[in-house]
Amino acid sequence: MIPKVFREVIDLGDGREISIETGKLAKQAHGSVVVQSGKCMLLCTVVSNYKQSDVDFLPLTVDYREKFAAAGRYPGGFFKREARPSDGEVLTMRLVDRVLRPLFPKDYHAETQVMIQLMSHDDDVMPDAMAGLAASAAIQLSDFPFECAISEARVARVNGEFVINPTRAQLAESDIDMMIGASADSVMMVEGEMDEISEEEMADAIKFAHEAIKVQCAAQLRLAEAFGKKDVREYEPEREDKDLEKRIHDMAYDKVYAIAQAGSSKHERSAAFDAIKEEIKATFSEEELEDFGGLVSKYYYQAEKEAIRDLTLNEGLRLDGRKTDQIRPIWCEVDYLPSTHGSSIFTRGETQALATVTLGTSRDANQVDMPSYEGEERFYLHYNFPPFSTGEARPIRGTSRREVGHGNLAQRALKGMIPDECPYTVRVVSEVLESNGSSSMATVCAGTMALMDAGVQLKKPVSGIAMGLISDAESGKYAVLSDILGDEDHLGDMDFKVTGTADGITACQMDIKVKGLSYEILVNALQQAREGRLHILEKLTDTIATPNADVKEHAPTMVTRRIPNEFIGALIGPGGKVIQELQKETDTTIVINEDPETEEGIVEVLGVGRKGIDAVLAKIDSLLFKPEVGSIYEVKVIKMLDFGAVVEYTEAPGNEVLLHVSELAWERTENVSDVVNMGDVFDVKYFGIDSRTRKEKVSRKAILPKPEGFKERPPRDNNRNGGRDNRGSRDNKGRDNRRDDRKPREDKKD
């Protein structure tokens, strides 16, 4: 029997709908929904253990996977099975996690898993925009302690009009691509890329998306009410001791405040804070520490956070002595690594990134193979965050989700400034060597300089800055912090990173930790971020003002040439023989792609130095060379034959034609060598295709003066005796004149 199904529909306002359904699938999960738009279907399940884990954080796992069967495809590779998540899937996981995690109680430590799967794909629907909605809807049907319904939506601007959850085709025409995560009351997460928009335009896009999210949150609540809202589960809360909390606060607050006020370096400050903590612990007996040692650490960190926040709100000072809008000292350098195609160092305070650039052909493009999207990236950026950058020693287990997310943010910040006519595939790699505050923004700055050092003709340089916010709802005070430290990231109410040119924002990533943040504060924060961004941009352009005019001597030069499709085969040769030999002879890399729109071949020639590239271009020119009838061309003898000489056009080496012996001179020529020899260079006239031989005809004699008294031989008489048409009339020779009385041949004896 088919179980009862509960369903809610969300109207997107332009004829499209999103439905949320529960009751049919995955009923043993603590909550499950199917979210559908068009043919796109997501299944989301949520499960949380009833026993608290022995950790001091929420062990939440958000997993998003796209099944290849959803798009009627097989997974690539040798093993035909979905394996590790792609970067695109990881980025979607991060977007959902960042909105869900703050809404669980701080003392809820049960193992919790959110699994979202793309079960059916629709080319006109981008599934990542519905992942947050699916996760929250499933949680609303569970008994988890969760603060409120949330949702996520993508907002684009097409022809000046905002669009919610656009199609991929609409997104290609948009100048904004932003994902917004919010509850009905508050915006909590923003991430995206833009085409140099203003701070006010960004705020307008957030407002538009928030209105759509309110509708989606209301639909979740209606579904949960119809399904039957479950009572929130009981769980064992963290131990609390108000007297102990006050005791530690009184011992720690003033001391922490004084150290924070001193404006020391990261390591000095950390050592001083640790000393205060150990001093407090020393006031407790071993039995007391064994009984509530965890609470001592917890209450100390609460006091530390309060003291640092108060210092900023009351005095406008920060941990390292800066004012709220002050940027740390910056120094930069380019062309640091001698063998890379481009390199730079960007150092801001205690954060340092070393960026490299590598130039390649279309063959080096990053292939994206997901059920929901197939394509390639001709510009991509990789971000590495080794443990030594924070003075730690810990295991390295592959690329972390954090590295994928930070690299993607920097890539989105820069990719819009790569000109369309850039012939190269460009890879930027950022190695974070020190970190104390936004290494992703250091990556953007280092990447800008490395690209210009490599000779990539950026439209405009890009800089980035990480901002923070400390606010007090009771007093109404707030402070926006420019260029935040790592410690300020943890204790603040908002962490937002903004990148852009002098003319506007190109990318952002924002996590808002307080409810009901006003748009006025948001815009003020963005304006302060712009001032800091421009200050950093000035430092970059002081180091390298404009892109280098050309690539470095040891870097490859890329030249592209378009050829008609019918010449591609000749350039490749049988079994690739021609192109392989040409690459070997010229020490170049040659890549040929077909343009389906223009029906042309796009030839990419990559090589160090011009000599090899010029040789390849000459070969292409020779293939494309088409002599005109009646024109005179210089040729060179490359082969001698009994009936003529093979010559090649000197302006198109390799393009050969036969110069018949009869066209060498006006006089009768018995031997070809009487007139020309190997290597001789002279002019010939081109006559096109000879009607008799069906081959190209050139003549040397046609451009020579006729000798005095020269008489041309009369035309050949095809009706003379002995002609091919009179063979049957020859006496005793035709096949019809054989003797009839000839004896038959005797059979051979065995």
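1. The chain holds 14 helices and 29 strands, where helices (H or I, at least four residues) and strands (E, at least two) are DSSP runs numbered from the N terminus. This is a predicted model, in which local features need pLDDT of at least 70 and side-chain atom pairs count only at pLDDT 80 or more, while totals for chains, interfaces and linings use all residues. Residues are numbered from 1 along each chain as its sequence is written, and side-chain values use heavy atoms, with hydrogens and water left out.

2. On overall form, the radius of gyration of the chain is 38 Å, well over the 27 Å that the globule rule gives for 750 residues, so the chain is more spread out than a compact globule. That radius is taken over C-alpha atoms, and the rule is 2.2 Å times the number of residues to the power 0.38. Along its principal axes, the C-alpha trace spans about 135 × 70 × 60 Å.

3. Of the 750 residues in the chain, 49% are buried, a term that means under 20% relative accessible area, with exposed meaning over 50% and partly exposed in between (1.4 Å probe, protein chains only). The accessible surface of the chain comes to about 39100 Å², and 47% of this belongs to carbon and sulfur atoms; such areas come from the Shrake-Rupley method with a 1.4 Å probe, and for residues only the protein chains shown count as cover. Where contacts (heavy atoms within 4.5 Å) link residues at least 6 apart in sequence, 69% of them join residues at least 24 apart.

4. Helix α2, residues 131-140, has 10 of its 10 residues buried, so this helix is largely enclosed by the rest of the structure. Its buried residues include A131, G132, L133 and A134 towards the start of the list, and I139 and Q140 at the end of it.

5. Helix α4 (residues 199-227) packs with helix α11 (residues 519-543) at an angle of about 145 degrees, their axes being 9 Å apart. Axes here are lines fitted to C-alpha atoms, for helices over the stretch in contact, and angles run from 0 to 180 degrees between N-to-C directions. The crossing of α4 and α11 is right-handed, meaning that the near helix is turned clockwise from the far one by less than a right angle, whereas an anticlockwise turn would be left-handed.

6. In this packing, α4 brings E199, E200, M202, A203, I206, K207 and H210 to meet Y519, L522, V523, L526, Q527, R530 and R533 of α11. By class, the contact of α4 with α11 has seven nonpolar, two polar and five charged residues, where Ala, Val, Leu, Ile, Met, Phe, Trp, Tyr, Cys and Pro count as nonpolar, Asp, Glu, Lys and Arg as charged, and the others, Gly among them, as polar. E520, also found in helix α11, counts as exposed at 59% relative accessibility; E520 and A203 are 317 residues apart in sequence and 9.3 Å apart in space, C-alpha to C-alpha.

7. Two loop residues other than glycine deserve a look for their backbone angles. S438, in the loop between β17 (425-434) and α9 (439-453), has a positive phi near 45 degrees and counts as buried at 13% relative accessibility. D587, in the loop between α13 (577-586) and β23 (589-595), has a positive phi of about 55 degrees and is exposed, with a relative accessible area of 66%.
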